[in-house]
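Me: I have just opened this model and would like a close look at one aromatic ring and what surrounds it. Could you walk me through it in plain words?

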Amino acid sequence: MESSGGLSGYRLGRREFLAAGALAGAGLLLGGCRRTEEAGQGGGGGGVGNFPETPEYNFVFVNHVTTNPFFTPTQYGIEDASALLGTRYQWTGSETSVVREMVDAMNTAISGNADGIAVSIVDPEAFNDPIQRALDQGIPVVAYNANGRGSGTNPALAYIGQDLFLSGVEMGKRIVELVKEGPVALFIATKGQLNIQPRIDGAIQAIEDSGAPIEYEEIETGAELPEELNRIDAYYQGHKDVRGMFAVDAGSTQGVAQVMQKYGLHEQGVRAGGYDLLPKTLQLLREGHIDFTIDQQPYLQGFYPVLQLYLYKISGGLTGPAETNTGLKFVTQEDAGQYLETESRYEGDSERPRLLEAPAS
């Protein structure tokens, strides 16, 4: 399995990160004392503060797109929590959402006696057996970023990530407010993939529940940025009466923003939005080509699983893990600049840990 390292930065920022909680602030302060490289290659062999001395626990993160820049801040979150607690970690899985590769990575972690596993459950069935096998061997397993068909549908002890369906419902409500009537395109990278399908399902439910005269269409775009952009452009060429274009994944959202810019669609009354904080998306949001993007706080999706697995281990399984919603925030043209102009480890665009001040309310 791969060890951590080699992260490539990309420009994002969230000035108000520190409001997320004192634990994240503690990770920041200690990050400067115990270098993050040590967290990936070998930690301190014990906790700090009032935590007991422990073995150098090894927590394995199984991911579906290991090189995707969305997960750069997630890996920083893992590093910071590892440095705080004196643990180490491995980052492994698949680069292109191949479930078999992810299951193989889980099996390797189990046979290697990992101290805990965090897995992005992007398939409703494939991970159930290896998760249960890990639990039977005393290895705690939590889900992060994606949770199959939801809590209770897989054996994982807890889910740490955005409430995907609810976030889709909220996006659907925003679509109704912006568009009001007419044809709307809903773009998704891979239909059925369980880190994004619940969002589009939630959006559809909200549109239908509203009773608004909106006709929606679900369009698959593919897993690579160039392909997503081409399919969104081609869709618009064949549907120039569209009144709204919205996406439920990072790449498709960027593609929507680029098509909106290319044809000047926002000025023509077309409304658009989507998910995540890719730099191009934020830039085009600030320029007014789309109406919003949604932040799901990927740093916390790495930081909290380490904390929860650690607490489970030191408490003999009596403390946690706990269901944790990493939140939903609509980022609009007014605050996009804060993300673009703030270099932050917590958004993945800077390796350097530093103290940031939240903006005045």
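What is the relative accessible area of F51? Please start there and then follow the trail outward.

Reply: Happy to! The relative accessible area of F51 is 33%, so this residue counts as partly exposed (buried means under 20%, exposed over 50%, and partly exposed is in between, using a 1.4 Å probe and protein chains only).

A word on what you are looking at: this is a predicted model, in which local features need pLDDT of at least 70 and side-chain atom pairs count only at pLDDT 80 or more, while totals for chains, interfaces and linings use all residues. Residues are numbered from 1 along each chain as its sequence is written, and side-chain values use heavy atoms, leaving out hydrogens and water.

Now for the rings. A search of the whole structure turns up 14 aromatic pairs. F51 makes one of them with Y310: their centres are 5.2 Å apart, their planes meet at 75 degrees, and the pair is edge-to-face. Here, rings of Phe, Tyr and Trp (its six-membered ring) pair if their centres lie within 6.5 Å; planes under 30 degrees apart are stacked, over 60 edge-to-face, and the rest tilted.

The two partners are 259 residues apart along the chain: F51 is in the loop between α2 (36-41) and β1 (58-63), and Y310 is in helix α11 (residues 300-314). (Helices are DSSP runs of H or I with at least four residues, strands are E runs of at least two, and both are numbered from the N terminus.) Unlike F51, which is partly exposed, Y310 is buried, with a relative accessible area of 0%.

For another pair of this kind, find F187 and Y235. Their ring centres lie 5.5 Å apart with planes at 90 degrees, so this pair is edge-to-face too. It also links distant parts of the chain, with F187 in strand β6 (residues 182-188) and Y235 in helix α8, 48 residues apart. Both F187 and Y235 are buried. Elsewhere, ring pairs join F61, F70, F71, W91 and Y144 into a cluster.

Let's go back to the helix that holds Y310. Of the 15 residues of α11, 11 are buried, so the helix is largely enclosed by the rest of the structure. Among those buried residues are L300, F303, Y304, L307 and Y310. The length of α11 works out as well: its 15 residues should span 21 Å at 1.5 Å a residue, and its end C-alpha atoms are 21 Å apart, which agrees (the expected span is 1.5 Å times one less than the number of residues).

Keep walking along the chain. Just after α11, G316 has a positive phi of about 65 degrees. Then comes the peptide bond from G320 to P321, which is cis, with omega near -10 degrees. P321 belongs to the loop between α11 and β11.

Two residues other than glycine also have a positive phi. N113 has a phi near 60 degrees; it is located in the loop between α4 (99-111) and β3 (116-121). K180 has a phi near 70 degrees and is found in the loop between α6 and β6. N113 is exposed, with a relative accessible area of 57%, and K180 is exposed as well, at 53%.

Rings can have charged neighbours too. The charged end of R199 sits over the ring of Y275, 4.0 Å from its centre, and R174 lies over the face of F292, at 5.8 Å from the ring centre. To count, NZ of Lys or CZ of Arg must be within 6 Å of the ring centre and within 35 degrees of the ring normal.

The strand β11 brings us to a last stop. Together with β5 (159-161), α6 (164-179) and α7 (197-210), β11 (324-325) supplies at least two residues of the lining of the second largest pocket. About 260 Å³ of space lies in that pocket. Its lining has 18 residues, and the closest to the centre are N147, G150, S151, Y159 and L164. α7 gives the most to this lining, with 3 residues. For the terms: on a 1 Å grid over the protein atoms alone, a pocket is an open set of points where a 1.4 Å probe fits, with protein on both sides within 12 Å along at least five of seven lines, and lining residues have an atom within 4 Å of a point. Grid points are joined across faces, edges and corners, and the volume is the space filled by probe spheres set on the points.
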